[in-house]
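The following report describes selected features of one protein model, with attention to its strands, its charged pairs and its surface.

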Amino acid sequence: MRLTVAQALVRFLAAQYTERDGVRQRLVAATWGIFGHGNVAGIGQALVEEEHMPFHQGRNEQAMVHAAVGHARRTNRLSAHAVTTSIGPGATNLVTGAALATINHLPVLLLPGDTFAGRPADPVLQQLQLPYAGDVSVNDCLRPVSRYFDRVTRPEALIPAALAAVRVLADPVETGAVTLALPQDVQAEAYDWPEKFFAERVWRVRRPSPDEDELEAAGAAIARAARPLIVAGGGVRYSGAEESLSDLAARTGIPVASTQAGKGSLPHDHPQDVGGVGHTGTAVADHLARTADVVIGVGTRWTDFTTASGTLFGHPAVRFVNLNIAAFDSHKMAALPLVADAREGLEQLHALLEQHHVPAHYVHEYAEEKLRWEARVDAAYAVPDEDARPTQAQVLGVLDTLADASDILVNAAGSLPGDLHKLWRTRSPEQYHVEYGYSCMGYEIPAAIGALLADPGRPVWALVGDGTYLMNPTEIVTAVQERLPLKLVILQNHGYASIGGLSESVGAERYGTDYRLRAGDGSFTGPPLPVDLGANAASLGMRVLRPRTVRDLREALADARAATDPTCVYVETETADSVSGPPPAQAWWDVPVAEISTRPSAVKAREEYDRHVTARRRHL
């Protein structure tokens, strides 16, 4: 069959499927694109010809990757989107999104154009010209943030490159950003392709079982523990292991804390759920972590927020058991490794621990602490005056009264991830969609669009602060174009609230974190900037609601939830200084403080830092 390289690639991708537990779906369900001279005549023309590849028009290359990641997360990594860009700025704009995808182990296929393979002119427009290497282009920036990278410089090279690319996309251990750089002359070149290249292929997503010796060692360690704790990570959700986790926890009484990626593995009202763990965790989860003698990590990477920078797990004899499909992660924390699919491993642990239950006093202890924490959540959500301007926590509290198990909340950066991890009462596994592996400002709106495309029947909320909104609002236009009922909540707090608080705590005195006019002395201490982000969202096509009080907010959020068109709720929040806000961090996070300073705030912050850092330990 004679086709161009671009036509062949699109046709090949349309015939790729994943299958797990007997359920089959498209591996590459759609392609996002912004066209320029590096891809319009190749991939762009091929998408016109290939009727089986849906297409979405993007406005920003980074945002297109975020939308693809939102789709991949919503489909538990079993389906991906492709993203095509031109060479030059279009390609380099992919780097941030690629890093996010790879760090979070979420599949996305990147198809950037590349400079001419045949070098008919040198340099061509947007070519990176280096005196020491003739084969380097800007696409080489994508190598360190891709799980697989190839440059297709001849038509026949597409066959092994494409097969390798989809293998990595479909592999739960290897997956992340996959890049096929496509020189623009090669894209348009014709070749006689073997028919078998376009045959339907099914990539079966395996569920590997644990090694018997590893399983026995893990089960014995858990059975001996007086105060075991499970830490559920994103691997629980990607494996679809929520029910297996629930059954194990209920049978044994072992409490379950969750990372940002794992929150929602158990519903908030499950007796064994104790909420988020780590720097943004709950008091009950962090207390259990400090006193646990065995910690069972399920599908977690053990990042610094989860471990409170190595200060959280304080029991002198604490041991770790890591159930993870990736051997690399299963060996962290000097753990007893249990290399397996999360669902398979949990079910086999359940069978091994069928007759085991933690002491009754331990269950009573964490149940009482959980009740006390719920009272603190109620206090943060409480509204003493319906006619006052709401705090950020009260916005979440009002949304909590309206949401049910069908709602999906998308967030990634600022102070909201901390508030959500501590406060939000998750009702379903899909509800909590907080990207905190890369915590990328600007992720929320495009990712919410990706989630909507994966599951159009559910209410999807993009929760953003003003700083995050200004980073990447462009895909609002895509939501309008696609008639997607995106529900956008913009919290106007006039700056970087999260980093402002962090700046103050480390002696940097909130320098450069508020959005204010310059004062007479040149500092940014004047009045708040007279910006109207609601007007901006309206100019991009959204219907905008402007609640001024908590009472207005209830009506606006209910209106937005019922809306069938893209709707924005733009609310200026009250600071938590004058009203009850969310509880402070329950565990430390290592942000080094200036060792020498003439400013008292920094000197005091350093003293506090030195006090905390002594608690850090390496688990060996």
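At 43% relative accessibility, V40 counts as partly exposed. V40 belongs to helix α2, which spans residues 40-49. Together with F35 and F55, V40 forms a nonpolar surface patch, and the accessible area of these residues together is about 240 Å². The model discussed here is a predicted one.

**The parallel sheet around β7**

An open sheet of 6 strands is arranged in the order β5-β4-β6-β7-β9-β8, with parallel pairing. Strands β5 (55-57) and β8 stand at its edges with a single partner strand each, so one side of each has no neighbour in the sheet. On average, and with direction ignored, neighbouring strands of this sheet are turned by 20° against each other.

Strand β7, residues 108-114, is mostly covered, as 7 of its 7 residues are buried. In a regular strand, side chains alternate between the two faces of the sheet. Both faces of β7 are covered: V108, L110, P112 and D114 are buried on one side, and L109, L111 and G113 are buried on the other.

On one flank, β7 runs parallel to strand β6 (residues 80-85), to which 4 bridges join it. Here V83 stands opposite L110 of β7. β7 also pairs with strand β9 (residues 177-183), in the parallel sense and over 5 bridges. The bridge partner of L110 in β9 is T179, while V108 stands opposite A177 of that strand. L110 thus has V83 opposite it and T179 as its bridge partner in β9.

**Strand β18 and its partners**

Strand β18 likewise has two covered faces: I408 and V410 are buried on one side, L409 and N411 on the other. 3 bridges join β18 to strand β20 (residues 460-465), and the two run parallel. Within β20, A462 is the bridge partner of V410. Another 3 bridges connect β18 to strand β19 (residues 432-434), again in parallel. There, the bridge partner of N411 is V434.

**Salt bridges**

Side chains of opposite charge can pair when their charged atoms come close. The structure holds 38 salt bridges. The table gives some examples.

| Salt bridge | N to O distance |
|---|---|
| R24 and E200 | 2.9 Å |
| D140 and R151 | 2.9 Å |
| R561 and D404 | 3.1 Å |

In the pair of R24 and E200, the closest N and O atoms are 2.9 Å apart. R24 is in strand β3 (residues 23-26) and E200 in the loop between β10 (190-192) and β11 (201-204), so the salt bridge ties together parts that are 176 residues apart in sequence. R24 is partly exposed, at a relative accessible area of 42%, and E200 is also partly exposed, at 49% relative accessibility. The contacts of these residues extend further, since E19, R24, E200 and R204 are linked in a network of salt bridges.

D140 and R151 also form a salt bridge, with 2.9 Å between the closest N and O atoms. This pair links distant parts of the chain, 11 residues apart: D140 is in the loop between β7 and β8 (148-151), and R151 is in strand β8. Both D140 and R151 are buried. R151 therefore places one end of this salt bridge in β8, which is an edge strand with a single partner strand.

The side chains of R561 and D404 meet at 3.1 Å, N to O. R561 lies in helix α23 (residues 550-562), whereas D404 is in the loop between α16 (392-402) and β18 (408-411), so this salt bridge ties together parts 157 residues apart in sequence. R561 is partly exposed, with a relative accessible area of 24%. D404 counts as partly exposed as well, at 35% relative accessibility.

**Cysteines**

How many disulfides does a search of the whole structure find? The search finds 0 disulfides. For C141, the nearest cysteine sulfur is that of C440, 16 Å away, and C141 is in no disulfide. A disulfide requires two cysteine sulfur atoms within 2.5 Å. C141 is partly exposed, its relative accessible area being 42%. C568, in contrast, counts as buried, because its relative accessibility is 0%.

Conventions: Residues numbered from 1 in each chain as written. Predicted model: local features only at pLDDT ≥ 70, side-chain atom pairs only at ≥ 80, totals over all residues. Heavy atoms only, no water. Buried < 20%, exposed > 50% of the residue type's maximum accessible area, 1.4 Å probe, protein only. Patch = residues over 30% accessible without salt bridge, like charges linked within 9 Å, V, L, I, M, F, W, Y side chains within 5 Å. Areas by Shrake-Rupley, 256 points an atom, 1.4 Å probe, with all protein chains shown as cover. Salt bridge = Lys/Arg side-chain N within 4 Å of Asp/Glu carboxyl O. Pairing = 2+ DSSP bridges. Axes fitted to C-alpha atoms, helices over the stretch in contact; angles between N-to-C directions.
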